[in-house]
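Colleague: I should like to learn how the features of a structure such as this one are read. May we go through them one at a time?

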Amino acid sequence: MSEKKKKVSRREFLKLSGIAGGAAALAACAPAAPQAPAEQPAEQPAEQPTQAPAVVGKPFAGKTLRMHAISGANYDELYKLIPAWEEKTGAKVEFVFKGNGFETDKRLVQDFAAGTVDYDVCWDHSSFFSQYVKAGGLEPLDNYFSEEELADFIPSLLDATRKDGHLWVIPRHFDISCLHYRTDIGIEKPPETWDEFKQMAIDITKNNPGIFGTQFAGKEEALTGRWYEIQTAEGGELFNEKWEPIFNGPAAVKAATMLAELYQAGAMPPDMTNYLWEDVATQWVNGIIGMYTEWYGWYSFFQDPNSSKVAGKFDLARQPKGDAGIHSGWAGHHGFSITKASKEKEMAADLIKWLTSPDGNRLEAKLGFLVSRQSVWDEIIAEAEGSDDPLAKKRLELALLQAREDFKTPPLIAEWIPMSNIVYPILQQIMLGDKEPQAGLDEAVEKTYELMKEAGYYG
Amino acid sequence: MTTRPLAQEAVASRRRWRISLSERHLPFILLLPSVIIMLLVIGFPMLYSLYLSLTSYTLTTAQNYDFIGLKNYATLLFDDPLFWASFGRTVLFITLAVNIEFLLGLGIAHLIARAIRGQSVARTLIMMPMMFAPILVGFQFKWFFNAQVGLVNNILYAITGEPHFIPWLIDKPLGFISILIAEIWMSTPFMVVILEAGILSLPQEPFEAAEVDGASGWQKFRHLTLPMLLPFIYTAMAIRSLDIARAYDVVQIMTGGGPANRTELIWTYVNRLAFTGQQFAVGAAMSYITVIFSWIFTWWFFYNVIKSRWAGGQS
């Protein structure tokens with residue numbers, strides 16, 4: 001072999017490196033291509049990877065349950081019940097992830113898409129679970145929870161996460177939008193219809209310098225959801241039975257027009273289209289909003305005189321009705337699901353039963369959450385009779401009434417957030433006067449139709 | 001008789017071969033791990049996202065990797081006015097930001113370079129905006145421009161005595177101007193640093209000769225400083241152009257590209273489409289289109305830099 005042949009020039013080296021790297025990249029690509037490994041383990045017989053000799057009375061002794069959970073605010077308080085469950089069952093709970101709702105959702109979507117689920121129980125939400133179901137990530141819960149065990153849960157909460165004939169989430173607590181209005185600026189009676197709401201908001205602005213009649217969270221899903229609940233009250237539907245978008249009818253146009261008229265009349269803060277949940281709550285506690293629809297979950301913050309200028313100066317009311325005689329009531333609930341990849345589904349169900357038990361509900365009710373069991377509602381309403389807070393009992397009774405009669409989730413489809421991503425910039429354009437309501441919603445419907453078509457809804 | 005020399009020759013040959021191998025190949029062997037890591041860390045994600053951009057993949061249909069060729073690219077290029085609006089807005093943003101930063105940077109650099117005392121203090125102060133994370137700059141300017149409690153409207157109130165609720169981040173031209181101001185505030189110091197270094201490195205003889213010839217300050221600037229500073233100017237502008245082309249964090253915090261897409265730049269649109277809208281494949285296609293345009297721009301820019309320098313040398 002000659003000396004010349006032994007030499008490797010830079011060009012050859014780079015060529016070889018390129019080929020080697022390319023091969024490595026292709027090799028790395030290969031397993032990442034079409035896959036559904038998340039579903040595979042579930043099909044196999046339970047491997048009992050953490051099997052250990054069962055101790056009498058401790059059915060899951062020696063086993064480990066892995067959990068993907070929401071965290072922050074008061075969410076973690078419920079997990080204080082876990083040591084008692086571990087003591088009862090002999091199992092151990094290991095948290096593989098903790099984050100806020102949006103982080104948790106993002107991780108779940110990615111895990112289910114990539115098939116990298118290695119946990120048994122996950123946090124879930126009525127607005128998000130459809131994506132996980134579509135990705136094949138969740139186990140139907142029908143076989144793990146008997147009718148008797150489910151009987152105490154508020155039926156509308158369970159119905160909100162029934163899809164394709166199965167139950168997917170066990171509710172932990174819920175929230176629903178509720179009208180908050182100031183009693184210190186002369187609002188004697190809350191509006192009963194959205195038409196009244198609009199007129200009152202304009203009047204409040206006119207008669208109270210420095211106060212805006214109302215506000216809405218003005219972007220992302222927050223805006224789409226508010227418009228959705230108004231147009232539902234006006235008799236509109238987002239989709240027909242074939243999942244074709246139909247939200248460019250009179251009801252939807254009326255709802256969008258109302259938002260635009262309120263904004264253009266100066267009855268809402270000028271930079272409202274840049275607000276999300278925290279921003280509207282801040283505006284409210286700063287005392288510059290007359291009335292608006294808000295979640296019950298902020299109540300203790302609003303009634304704290306240290307953080308709120310409106311503490312003790314507001315009242316609550318059922319959401320206004322629309323032309324269809326329907327009360328608005330955008331709602332959602334947090335809960336728990338079992339992953340399809342779990343090898344310990346019975347154990348996972350047992351932990352969920354423990355966390356959503358009356359004890360779990362009582363613990364969360366004390367933190368101000370609207371809990372999921374009727375029996376616990378009866379207890380806390382009875383206790384609220386003696387409260388110093390004049391709104392305590394009314395708030396609970398109103399929330400329960402709304403949960404029973406007005407509870408409306410967004411459509412239970414995985415495309416809700418992508419659809420919202422189409423709709424909300426167009427709603428903003430309508431509000432800011434860049435587009436006419438009808439033309440804007442026609443465009444949104446057209447784009448949503450394409451989205452649904454791409455997602456395979458029309459065969 | 002002949003075996004020993006032959007054996008010695010063989011040993012010597014092997015040694016030469018080893019030396020040759022080590023001398024010639026060692027650098028490549030040492031580089032190999034880095035090359036492999038770079039290929040895996042940079043090459044693989046790029047190839048994978050290129051592959052994704054040719055499929056119908058979304059996060060809601062995660063198992064659907066149907067190959068659809070250039071459909072996503074065609075949709076964006078021929079059927080998405082928002083893409084072109086965002087693209088055009090990004091080009092305008094780059095043009096305005098880079099030129100304003102350049103003018104401000106040149107002025108400040110001159111002032112600092114001419115200062116007799118306090119140069120280092122001035123330099124430190126001027127560099128302070130560079131010490132903030134872009135995300136914090138975004139929050140800071142979001143508060144400055146808040147309609148109700150923002151600093152700007154409060155200053156106007158203090159001056160005029162009348163309350164102002166100017167929606168800086170909402171109004172059509174004001175929203176764009178607000179994010180432009182934040183970007184300029186954050187990045188002008190970079191221009192100052194580069195241009196001041198250039199000014200301080202200029203030879204003094206031509207200026208002394210011009211002084212003797214009675215040249216005015218403007219003439220010295222126009223005919224001496226500016227031509228000699230061109231390499232620094234081009235370098236600073238090229239770096240900033242590519243940097244602003246990636247503008248995301250400040251804009252995302254201040255306006256999120258909204259409202260009503262009024263401040264949508266290309267990367268906020270990619271984020272909204274790919275992550276919020278879960279249209280991963282379309283987002284990947286848009287990223288590739290943007291990167292290709294950036295390559296073309298970079299080539300065009302440097303082509304013109306070299307051309308102008310060559311032309312300058314000839315004149």
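Colleague: Which classes do the residues of the lining of the second largest cavity divide into?

Modeller: The model before us is a predicted one. As a general idea, rolling a probe the size of a water molecule over the atoms shows where empty space is left. In this case, the lining of the second largest cavity divides into five nonpolar residues, one polar residue and no charged residue. The residues concerned are A:Val109, A:Phe112, A:Gln131, A:Tyr132, A:Ala135 and B:Leu59. Helix 5 (101-114) and helix 6 (129-134) of chain A each contribute at least two residues to this lining.

Colleague: What volume does the second largest cavity have, and how many cavities of 30 Å³ or more are counted?

Modeller: The volume of the second largest cavity is about 30 Å³. The count comes to two cavities of 30 Å³ or more.

Colleague: Let us turn to pockets. How much space lies in the second largest pocket, and which residues are the closest to its centre?

Modeller: The second largest pocket holds about 1200 Å³ of space. It is lined by 41 residues, of which A:Lys447, A:Glu450, B:Thr75, B:Asp80 and B:Leu273 are the closest to the centre. Two or more lining residues come from each of these elements: helix 18 and helix 19 (437-454) of chain A, and helix 2 (71-79), helix 3 (81-114), helix 11 and helix 12 (280-314) of chain B. By class, the lining of this pocket comprises 17 nonpolar, twelve polar and twelve charged residues.

Colleague: How should a nonpolar core be read, and which residues have the most contacts inside the largest one?

Modeller: In soluble globular proteins, nonpolar side chains tend to be buried together. Here the largest nonpolar core has 150 residues, and those with the most contacts inside it are A:Met67, A:Phe216, A:Trp227, A:Phe247 and A:Trp377. Helix 18 (residues 416-431) of chain A provides the largest share of this core, ten residues. Apart from this core lies another, of 45 residues, including B:Phe144, B:Trp168, B:Leu169 and B:Leu229.

Colleague: What does A:Phe216 touch, not counting residues up to four places away in sequence?

Modeller: Among the residues that A:Phe216 touches are A:Trp194, A:Phe197, A:Arg226, A:Ile230, A:Met258 and A:Leu259. A:Leu262, A:Met268, A:Met272, A:Val280 and A:Thr293 are also touched by A:Phe216.

Colleague: Is A:Thr224 buried or exposed?

Modeller: A:Thr224 has 0% relative accessibility, and therefore counts as buried. A:Thr224 has its place in helix 10 of chain A. Leaving aside neighbours within four places in sequence, A:Thr224 is in contact with A:Trp416, A:Ser420, A:Val423, A:Tyr424 and A:Leu427.

Colleague: How is A:Gln374 to be read: is this residue buried or exposed?

Modeller: The cut-off for buried is under 20% relative accessible area. A:Gln374 has a relative accessible area of 19%, so this residue is buried. A:Gln374 is placed in helix 16 (residues 374-384) of chain A. With neighbours within four places in sequence left aside, A:Gln374 is in contact with A:Asp152, A:Ile154, A:Leu400 and A:Arg404.

Colleague: Which residues of helix 4 (residues 82-89) of chain A are buried, and why are they on the same side of the helix?

Modeller: The buried residues of helix 4 are A:Ile82, A:Trp85, A:Glu86 and A:Thr89. They are placed on the same side of helix 4 of chain A because they cover an arc of only 100° around the axis. These buried residues pack against strand 1 (64-70), strand 2 (92-99) and helix 14 (345-355) of chain A. Helix 4 of chain A is followed by A:Gly90, which has a positive phi, near 85°.

Colleague: Which residue has a positive phi of about 65° although it is not a glycine?

Modeller: That residue is A:Trp243, with a positive phi of about 65°. A:Trp243 lies in the loop between helix 10 (220-233) and helix 11 (250-264) of chain A. A:Trp243 is partly exposed, at a relative accessible area of 31%. B:Ala260, also not a glycine, has a positive phi of about 55°. B:Ala260 counts as buried, at 6% relative accessibility, and lies in the loop between helix 10 and helix 11 of chain B.

Colleague: Where is a cis peptide bond found?

Modeller: A cis peptide bond joins B:Gly258 and B:Pro259, with omega about -10°. B:Pro259 is in the loop between helix 10 (249-254) and helix 11 (266-276) of chain B.

Technical notes:
Residues are numbered from 1 along each chain as its sequence is written. Chains are lettered from A and ligands numbered from 1 in the order in which they are written. This is a predicted model: local features need pLDDT of at least 70, side-chain atom pairs count only at pLDDT 80 or more; totals for chains, interfaces and linings use all residues. Side-chain values use heavy atoms; hydrogens and water are left out. A nonpolar core is a set of buried Ala, Val, Leu, Ile, Met, Phe, Trp, Tyr and Cys residues joined through side-chain atoms within 4.5 Å. Buried means under 20% relative accessible area, exposed over 50%, partly exposed in between (1.4 Å probe, protein chains only). Helices (H or I, at least four residues) and strands (E, at least two) are DSSP runs, numbered from the N terminus. Contact means heavy atoms within 4.5 Å. On a 1 Å grid over the protein atoms alone, a cavity is a set of points where a 1.4 Å probe fits but cannot get out, and a pocket is an open set with protein on both sides within 12 Å along at least five of seven lines; lining residues have an atom within 4 Å of a point. Grid points are joined across faces, edges and corners, and a volume is the space filled by probe spheres set on the points. Ala, Val, Leu, Ile, Met, Phe, Trp, Tyr, Cys and Pro count as nonpolar, Asp, Glu, Lys and Arg as charged, and the others, Gly among them, as polar. The arc is that of the directions from the helix axis to the C-beta atoms.
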